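Colleague: I am new to this structure and would like to learn how to read it. Could you walk me through some of its features?

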Amino acid sequence: MKRKFYFIFLLSFYCFQLTAQQLSDKASISIITCGPGNELYSTFGHSAFRVFDPLQRFDKIYNYGTFDFNAPNFYLNFAKGKLTYQLSTTPFSRFLREYQYENRWVKAQKLDLIPSDVQAVFNFLEKNAKPENKSYQYDFFYDNCSTKIESVLKTVLHDKINFNNDHIKTHKTHRDLIADYTKNQKWAKFGIDLALGSVIDKEASKDDYKFLPDYIFQSFEHATIKNSNEIKPLVQLEQSILKSNSPIIFSLSELFKPFNIILVISFFILLVTFNNYKSGERTKLLDILLFFSTGIIGIIVLLLWFATSHTATYKNFNFLWAFAPNIIVAFFMFKNKLPQWVAFYSKIITGLIVIMLIVWVSKIQIFNLALLPLLIAITARYLFLIFKSDSKTMKTDK
């Protein structure tokens, strides 16, 4: 009985020690910044906290950028913009092996904090990592692994630290900032430009830049901390932990980038339309595919705008060329003789494309350049349908 009581006492004491762990005076907090990876989710890099105590052999990463693929309704919640991210912890050595395997650089910025501040940040992270506290509502631009870094330190240290954004001299939109990181991922950039609305085409504030780990890194380079009326740099030591080798880029992939693929499709549409105009016939399959595909894309654009919680998909003017009602009109394209209203409808959607070009030129929303040949091709097709529906001398459709 005594042995059992003694065992329970030791176990309880050990658990209490873990919960209320006291770091030594040699402990430090570092900001870890990681370079971009090859996958879309890692294209923008990563940020995390490192707590290191050499005397207690404690070396742990606190990572706000993790999510659970196996969570209930994961894909549905992702589509709806209600994705839950978590603060996870892992030994620094294991974290480093993963980035070494992925050939990504890793840098550390050791913060110049007094022991009591180190302990305070550590306590906050430990409490935040508990199962009941670790989850948060993710937002790509305003609440992610990068923005959490500054947010946590401001919450714990309050006015002791100051982040000066004067080093940012550029005037970029969120779309510009995304473009900086997706230069080698043309299809990802095309999808982003298609899914995200005009709200990301406004000039980003200097604080808004910090959704990207590189800008958080720069922010800490210029940050200061005040201790005992002395103001000094927040970063005590900057260190390159891992370096990456330059990836091999295959030029063949350039052939299959969105602009080239869409250019080929657009040329095909124009060629068929020209032949139809000369022969007086209409290729029904082309019209069915054109109206159905643009209608489907339009529905997706509107759903992202109105049926999700994504903050970046609002006011997406891609619906002007990808017009959702086209999916209904597609079924009328099966007819040999088009209804008279098709000419009027084609005039409307041609007018919408003109409006889209005005929106583009005025920079209300910037569209992907790969859309330009497609806009020319589908406008030509709509003009053909107007002519086809109005003409009384055209041959019967094949």
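Modeller: Gladly; we will go from the whole chain to helices, cores and single residues.

Colleague: What should I know at the start, and how many helices and strands are there in the protein chain?

Modeller: Keep in mind that this is a predicted model. The protein chain holds 13 helices and 10 strands. Of its 398 residues, 45% count as buried. Among contacts with a separation of 6 or more, 76% join residues 24 or more positions apart.

Colleague: Let's take one helix. How many residues does H12 have, and how far does it reach from its first C-alpha to its last?

Modeller: H12 covers residues 341-361, which is 21 residues, and it reaches 31 Å, close to the 30 Å expected at 1.5 Å a residue.

Colleague: And which residues of H12 are buried?

Modeller: First the general idea: an α-helix has 3.6 residues a turn, so residues three or four places apart point the same way. In H12, the buried residues include Val342, Tyr345, Ile349, Ile353, Met356 and Trp360. Ala343, Ser346, Thr350, Leu352 and Val359 are buried there as well. Just after H12, Lys363 takes a positive phi of about 65°.

Colleague: Now the inside of the protein. Which residues have the most contacts in the largest nonpolar core?

Modeller: In general, nonpolar side chains tend to be buried together in soluble globular proteins. Here the largest nonpolar core has 35 residues, and Phe291, Trp321, Met333, Met356 and Ile378 have the most contacts inside it. At least two residues of this core come from each of H7, H9, H10, H11, H12 and H13. There is also a second, separate core of 34 residues, with Leu111, Phe122, Val152 and Ala223 among them.

Colleague: What does Trp321 touch, leaving out residues up to four places away in sequence?

Modeller: Its partners are Leu194, Thr294, Ile297, Ile353, Met356, Leu371, Leu374, Leu375 and Ile378. Two of these, Ile353 and Met356, are on the buried list of H12 that we went through.

Colleague: How do I read a pair of helices? At what angle do the axes of H7 and H9 cross?

Modeller: Two packed helices are described by the angle between their axes and the distance between the axes. The axes of H7 and H9 come within 9 Å and cross at roughly 70°, which makes H7 roughly perpendicular to H9. Lys186, Trp187 and Phe190 in H7 meet Pro258, Ile261 and Ile262 in H9. By type, the residues of this contact are 5 nonpolar, no polar and 1 charged.

Colleague: Let's turn to single residues. Is Ser28 buried or exposed?

Modeller: Ser28 is buried, because its relative accessible area is 8%, under the 20% cut-off. It is found in strand E1 and touches Arg50, Val51, Phe52, Lys110 and Val118, not counting residues up to four places away in sequence.

Colleague: How far apart are Ile299 and Ala324 in sequence and in space?

Modeller: They are 25 residues apart in sequence and 5.1 Å apart in space, C-alpha to C-alpha. Ile299 lies in helix H10 and is partly exposed, with a relative accessible area of 32%.

Colleague: Where is Asn229 found, and what is its phi?

Modeller: Asn229 is in the loop between strand E8 and strand E9. Its phi is positive, about 65°, although Asn229 is not a glycine. Asn229 is exposed, at 71% relative accessible area.

Colleague: And Asn103, what is its phi?

Modeller: Asn103 has a positive phi of about 55° and is not a glycine either. Asn103 is in the loop between helix H3 and strand E5, and at 33% relative accessibility it counts as partly exposed.

Technical notes
Residues are numbered from 1 along each chain as its sequence is written. This is a predicted model: local features need pLDDT of at least 70, side-chain atom pairs count only at pLDDT 80 or more; totals for chains, interfaces and linings use all residues. Side-chain values use heavy atoms; hydrogens and water are left out. Helices (H or I, at least four residues) and strands (E, at least two) are DSSP runs, numbered from the N terminus. The expected span of a helix is 1.5 Å times one less than its number of residues. Buried means under 20% relative accessible area, exposed over 50%, partly exposed in between (1.4 Å probe, protein chains only). A nonpolar core is a set of buried Ala, Val, Leu, Ile, Met, Phe, Trp, Tyr and Cys residues joined through side-chain atoms within 4.5 Å. Contact means heavy atoms within 4.5 Å. Axes are lines fitted to C-alpha atoms, for helices over the stretch in contact, and angles run from 0 to 180 degrees between N-to-C directions. Angles under 35 degrees count as roughly parallel, over 145 as roughly antiparallel, 65 to 115 as roughly perpendicular and the rest as oblique. Ala, Val, Leu, Ile, Met, Phe, Trp, Tyr, Cys and Pro count as nonpolar, Asp, Glu, Lys and Arg as charged, and the others, Gly among them, as polar.
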